[in-house]
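Trainee: I would like a close look at one part of this protein. Please take the main nonpolar core, and then place it among the surrounding parts.

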Amino acid sequence: MKNYKRLLIYIKPYLGTFGLAIICIICASGANLYLPWIIKDMIDKVLAERDMAMLNFISVSIVVVFAFRGFFYYWQSYLVSYIGQRVVVDVREVMFKKFQRMPMAYFDKHQTGETMSYLTNDVGAIQSALVDNLIEMFTEGAILIGSIAMMFYLDWKLTLLTLITVPLVAWAMRIFGKKIKSTGTVIQEKLADITSLLQESISSIRVVKSFVRESYEIDRFKVENELNFKATMDNVRLTSLLTPTVEFLAAVAVTLIVWFGGYEVVNGIMSAGALVAFLTYAVNLANPVKRLSRIYGRLQKAMAAIDRIFTVLDLPETVNDKPNAIDLPKVVGSVTVENVTFSYDGIHNALENVSFEVKPGQMIAFVGPSGAGKSTIANLIPRFYDVTEGAIKIDGNDLRDVTVNSLREQIGIVPQETLLFSTTVMENIRYGRLDATDEEVIAAAKSANADKFIRDLPEGYQTQIGERGLNLSGGQRQRMAIARAMLKNPQILILDEATSALDTESEKIVQAALDDLMVGRTSFVIAHRLSTIFAADKIFVIDKGRICESGTHKELLELGGVYSNLYNIQFSSL
Ligand SMILES: Nc1ncnc2c1ncn2[C@@H]1O[C@H](COP(=O)(O)OP(=O)(O)OP(=O)(O)O)[C@@H](O)[C@H]1O
Ligand SMILES: [Mg+2]
């Protein structure tokens, strides 16, 4: 219930519209309430007393009432849908913002599809809950209250008798509601699983095809799909059972009316027309009760989605600016790592007591076996994660004391695999600095050795990139990433195995572009191929999260340790 109230906060900006909608709903359902009254007059006055004037009046009023009702009906659905859709758009935006700000650690632990499911399936569930249910809820609610009021007016004793069934209905709805909500949770979870699987197998379609695992993937999908079906059917069973249960209780109420009301008419306490009108109201009452119970079921299911959404919205954004964080001044380029220990999971240390110092403009290289912690160091400098112990300082500023944005704006990263967006080549490079002119973009592409191949593309710089840039070669994508970094013009550069995915030929071209990029910047280079780091000012050999050797290429060879071993392995065949 708490979360439902929180959802109401999103309705708050539209309270004015909401008020108007309620007025329209009341007017439209008020018109409905007039109809039994017509029946009463028809029986008691026109049929019993042969009152022609009344007949004329009734005929005219039917036409008028329906026109009136139509007008307000239009506005009620328009306004309520408007509010519902606005809320959905707002919630979706808030969620999107949340995911943009979520720390890296969140994305390490959650599948992309799961994240997408929140924005599609869960927000979708809110949409139907709000738009469809809100209209029905208020219409039926208004008819319900109006009918009861009319019934009291016609015969209060009979009304009280009818209302005996109300606690029973409420009790049934409570029991069902709880169960329906828990099935709703399962449905949303299963939907998230399906979305994850879908996202995973479509985005890894190359792997799937190369291993001829299409039927394996299809089977995997079938399993999840069927699980979702089962969860949905559990929900359907409950909601479908709720309606007949409530209907049965309503039938009991009608029986009571017929019996007691009939007795009153026979004894002349009540007029025949009044009883017919009363019964019409009572049947009118059964409809809203039945629909409200169905709405209630759907709301319970939507509650599950709402809970999921608010759980995500409440997740901490761990890497956050301190309240008194300053903007990092223009970076000169000295980096100090002081006794840094870091753990991703709080159990195993990925880095242990790492310390080193880098002067502005130096090129630093990290080598070492897989899993040693090289990428981890690279992740800590742009503060994708906070250090567990120790400190990292740039020009003497502790990273935790400066704003994340001002820090990352001054760091360029060329990752092992470049992700491109599905827009033009021009816009992809401009991603490095959004206010760059076309000329600046082209200049950056030139220094990244990318200009030539871009001009050879069908539409040059205006060529549309396919999803994730898959219609370009690895080397071409890498050079676009370098162009991006050139454009950003950061003082600190991180190259995490930027050339390791390339063949020797494109590696040479990319390396030349990288060498240009590194001039005058503090650079951290992670490389498996030692040939790319001979020129480094300092090489750190990392093993099991510790620095085990450091020095220049020449010094380390003379030392005759891990590095010289690596060197001998890589170059013995030459
Ligand atoms: N996001 C993560 N969450 C939890 N543990 C991680 C994460 N990333 C890396 N690790 C763990 O931290 C350790 C260091 O990983 P890291 O990626 O820094 O190695 P690396 O030296 O870059 O290896 P490689 O040469 O294979 O890229 C490994 O044991 C790895 O399993
Ligand atoms: Mg790595």
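Mentor: What follows starts with the core and moves outward from there. This is a predicted model. Confidence comes before detail. The protein chain has a mean pLDDT of 86, and 98% of its residues reach 70 or more. Strand β1 (residues 335-342) has the highest confidence, at a mean of 95, while helix α1 (residues 2-11) has the lowest, at 80.

Now the core. The largest nonpolar core holds 68 residues. Four of them touch the most other members: A365, I482, A483 and V525. Helix α16 (residues 474-488) supplies the largest share of this core, with 7 residues. Two domains feed the core: domain 2 (324-410 + 490-574) and domain 3 (421-482) each give at least three residues. In soluble globular proteins, nonpolar side chains tend to be buried together.

Take I482 as the example. Leaving aside residues up to four places away in sequence, I482 touches V414, A448, A513, L514 and L517. Apart from this core lies another one, of 54 residues. Its members include C24, A28, M137 and M270.

Next, the wider layout. The protein chain is divided into three parts: domain 1 (2-313), domain 2 (324-410 + 490-574) and domain 3 (421-482). Between the C-alpha centres of domain 1 and domain 3 there are 51 Å.

A single residue pair also gives a sense of scale. K222 sits in helix α9 (residues 214-266). From K222 to H553 the C-alpha distance is 55 Å, with their positions 331 residues apart in sequence. K222 counts as exposed because 10 other C-beta atoms lie within 10 Å, and the limit for exposed is 12 or fewer.

A391 gives the contrasting case in space. This residue belongs to strand β4 (residues 389-394). A391 and T336 are 55 residues apart in sequence, yet their C-alpha atoms are 8.1 Å apart. A391 touches E338 and D398, again leaving aside residues up to four places away in sequence. A391 counts as partly exposed because it has 14 C-beta neighbours inside 10 Å, a count between the exposed limit of 12 and the buried limit of 20.

Two loop residues deserve a check of their backbone. V212 is in the loop between α8 (205-210) and α9. Its phi is near 50°, a positive value in a residue other than glycine. V212 is exposed, since it has 8 C-beta neighbours inside 10 Å. N449 is in the loop between α14 (438-447) and α15 (451-456). The phi of N449 is near 55°, also positive in a residue other than glycine. N449 is buried, because 22 other C-beta atoms lie within 10 Å and 20 are enough.

Last, the ligand. Around ligand 1 stand D108, Y344, D345, A350, G368, S370, G371, A372, G373, K374, S375 and T376. Helix α11 (residues 374-380) gives the most to this shell, with 3 residues. By class, the shell has 3 nonpolar, 6 polar and 3 charged residues.

To return to your core: I482 and A483 are among the members that touch the most others, and helix α16 is the element with the largest share.

Definitions and conventions: Residues are numbered from 1 along each chain as its sequence is written. Chains are lettered from A and ligands numbered from 1 in the order in which they are written. A nonpolar core is a set of buried Ala, Val, Leu, Ile, Met, Phe, Trp, Tyr and Cys residues joined through C-beta atoms within 7 Å. Helices (H or I, at least four residues) and strands (E, at least two) are DSSP runs, numbered from the N terminus. Domain bounds come from an automatic or database domain assignment. Two residues are in contact if their C-beta atoms, placed from the backbone, lie within 7 Å. A residue is near a molecule or strand if its C-beta atom, placed from the backbone, lies within 6 Å of it. Ala, Val, Leu, Ile, Met, Phe, Trp, Tyr, Cys and Pro count as nonpolar, Asp, Glu, Lys and Arg as charged, and the others, Gly among them, as polar. pLDDT is the predictor's confidence in each residue, from 0 to 100.
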